[in-house]
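Q: Hi! Could you walk me through this structure before I head back to the bench?

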Amino acid sequence: MWLALGAAYGTAKSGTGIAAMSVMRPELIMKSIIPVVMAGIIAIYGLVVAVLIAGALEKAPGYTLYKGFIHLGAGLAVGFSGLAAGFAIGIVGDAGVRGTAQQPRLFVGMILILIFAEVLGLYGLIVAIYLYTK
């Protein structure tokens, strides 16, 4: 749930920046979609962990309390890191596409900052997979 909230916020915030930017420079719309795509990738991380956890669920005798807490921790790790990454992508994407409309040289810097924001979600995915394998 938290992960989807972060991805949705990133998409919405970047989308408003794209809409505002497209009034001045409509030729840059497709180039400015990158933050929205990166926010969507955050949601895929949560889907991967959810499928892993759902595949490991068993009936009560085989599913221990330890496994339950490990799965909870894995879900929280990917969820909260995805929330943070989605917020970062949304804010950077909004400001980045608006700035790129005024100064095209900002595009490379925006992409680099977006990559650093995206990697926050990737760290959560790595921690979640590590916890899942315990």
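Q: Thanks. Let's begin with the span at residues 33-57: how far apart are the end C-alpha atoms, and how much of it is helix?
A: Happy to help, and keep in mind that this is a predicted model. In residues 33-57 the end C-alpha atoms are 37 Å apart, and the span is 92% helix with 0% strand.

Q: What does UniProt call that stretch?
A: The UniProt record, an unreviewed entry, has "transmembrane region" at residues 33-57, and also at 69-94 and 106-132.

Q: And how much helix is there over residues 69-94?
A: That stretch is 100% helix and 0% strand, with 37 Å between its end C-alpha atoms.

Q: OK, zooming out: how many helices and strands does the chain have?
A: There are four helices and zero strands, giving the pattern α-α-α-α along the sequence.

Q: What are the rough dimensions of the box?
A: Along the principal axes, the C-alpha atoms fill a box of roughly 60 × 20 × 15 Å.

Q: Now packing. At what angle do helix 2 and helix 4 pack?
A: The angle between helix 2 (residues 34-56) and helix 4 (residues 106-132) is about 5°, and their axes are 10 Å apart. Angles under 35 degrees count as roughly parallel, so helix 2 is roughly parallel to helix 4.

Q: Which residues make that contact?
A: From helix 2 they include Ile34, Met38, Tyr45, Leu52 and Ala56, and from helix 4 they include Phe107, Leu114, Glu118, Gly121 and Tyr132.

Q: What's the mix by class in the contact of helix 2 with helix 4?
A: It has 20 nonpolar residues, one polar and one charged.

Q: Switching topic: where does Asp94 lie?
A: Asp94 is in helix 3, which covers residues 65-102.

Q: Is Asp94 buried or exposed?
A: Asp94 counts as buried, because its relative accessibility is 11% and the cut-off for buried is under 20%.

Q: Which residues is Asp94 in contact with, neighbours within four places in sequence aside?
A: With those neighbours left out, Asp94 is in contact with Lys13, Ser14, Thr16 and Gly17.

Q: Nice. What share of the chain's residues count as buried?
A: Of its 134 residues, 37% count as buried.

Q: Last one: what's the accessible surface of the chain?
A: The total is about 7,400 Å², and carbon and sulfur atoms account for 78% of that. On contacts, among those in the chain with a separation of 6 or more, 79% come from residues 24 or more positions apart.

Technical notes:
Residues numbered from 1 in each chain as written. Predicted model: local features only at pLDDT ≥ 70, side-chain atom pairs only at ≥ 80, totals over all residues. Heavy atoms only, no water. Helix = DSSP H or I, 4+ residues; strand = E, 2+ residues; numbered from the N terminus. Buried < 20%, exposed > 50% of the residue type's maximum accessible area, 1.4 Å probe, protein only. Contact = heavy atoms within 4.5 Å. UniProt positions renumbered as here; feature names shortened; annotations may be inferred. Axes fitted to C-alpha atoms, helices over the stretch in contact; angles between N-to-C directions. Parallel < 35°, antiparallel > 145°, perpendicular 65-115°, else oblique. Nonpolar A, V, L, I, M, F, W, Y, C, P; charged D, E, K, R; others polar. Areas by Shrake-Rupley, 256 points an atom, 1.4 Å probe, with all protein chains shown as cover.
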